[in-house]
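Please look over the model shown here, with attention first to its sheet and then to one loop.

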Amino acid sequence: MCKIVRKQGGFTLIELMIVVAIIGILAAIAIPNFVAYQAKSRQSEAKINLGAIFTSATAYAAEQATPTYIVTGLSAIGWSPSGQPRYTYFYPVGATPTAFTLPSNFTQLTTCLAAPTSGWAIAASTSTATVPAGFTAAAHGNVDSDVTCDEWNINDQRMLFNGNNDVGS
């Protein structure tokens, strides 16, 4: 009777080390790009909500007997943040940037809760014409869990401005 000898199959240690090295190189390239992509997608919250504030403020001004963006309280424009926002939103009450009330489950770094300074050139105001003078609304938040705040502003001309970009900093 002849004994059959089978050769054991499998990978050598060198082959496994090459595969692990390739996976490591791919991960070193892909993970930072993925984190930056996530942070950029989080910025869309600020852009969308500032667009909603713009729409609400414009509708508020159109409903007034004398068109104005001036409000005595933030509830007047009929917008408030919902869900779990990553940003604090500001609108001028008079000439003072005032934060919208945030949901009770809001957890944002305290460094991003400060009132805006950059881009706050136009406070809500009236004009003698039929068109109100203007406003600037702002959003401050943290999109990548560092100490830098992401800052966005929108004005009555619907011009969106990124005062401080937290992505990649």
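Four bridges join strand E1 (residues 87–93) to E2, and the two run antiparallel; strands here are DSSP runs of at least two residues (E) and helices runs of at least four (H or I), numbered from the N terminus. This is a predicted model, in which local features need pLDDT of at least 70 and side-chain atom pairs count only at pLDDT 80 or more, while totals for chains, interfaces and linings use all residues. Residues are numbered from 1 along each chain as its sequence is written, and side-chain values use heavy atoms, with hydrogens and water left out.

**Sheet and helix**

- Within the E1–E2 pairing (two strands pair if DSSP finds at least two bridges between them), Tyr 91 stands opposite Thr 98 in E2.
- Helix H1 (residues 13–63) packs on the sheet and touches E1, strand E3 (136–141), E4 and E5, where contact means heavy atoms within 4.5 Å.
- The direction of H1 makes about 25° with that of E1, the axes being lines fitted to C-alpha atoms, for helices over the stretch in contact, and angles running from 0 to 180 degrees between N-to-C directions.

**Loop between E4 and E5**

- Asp 156 lies in the loop between strand E4 (150–155) and strand E5 (160–164), and the side chains of Asp 156 and Gln 157 are joined by a polar contact of 3.0 Å (a pair of N or O atoms within 3.5 Å, one able to donate a hydrogen and the other to accept it, with residues adjacent in sequence counting only if both atoms are side-chain atoms).
- Arg 158 is found in the loop between E4 and E5, and has a positive phi of about 60° although it is not a glycine.
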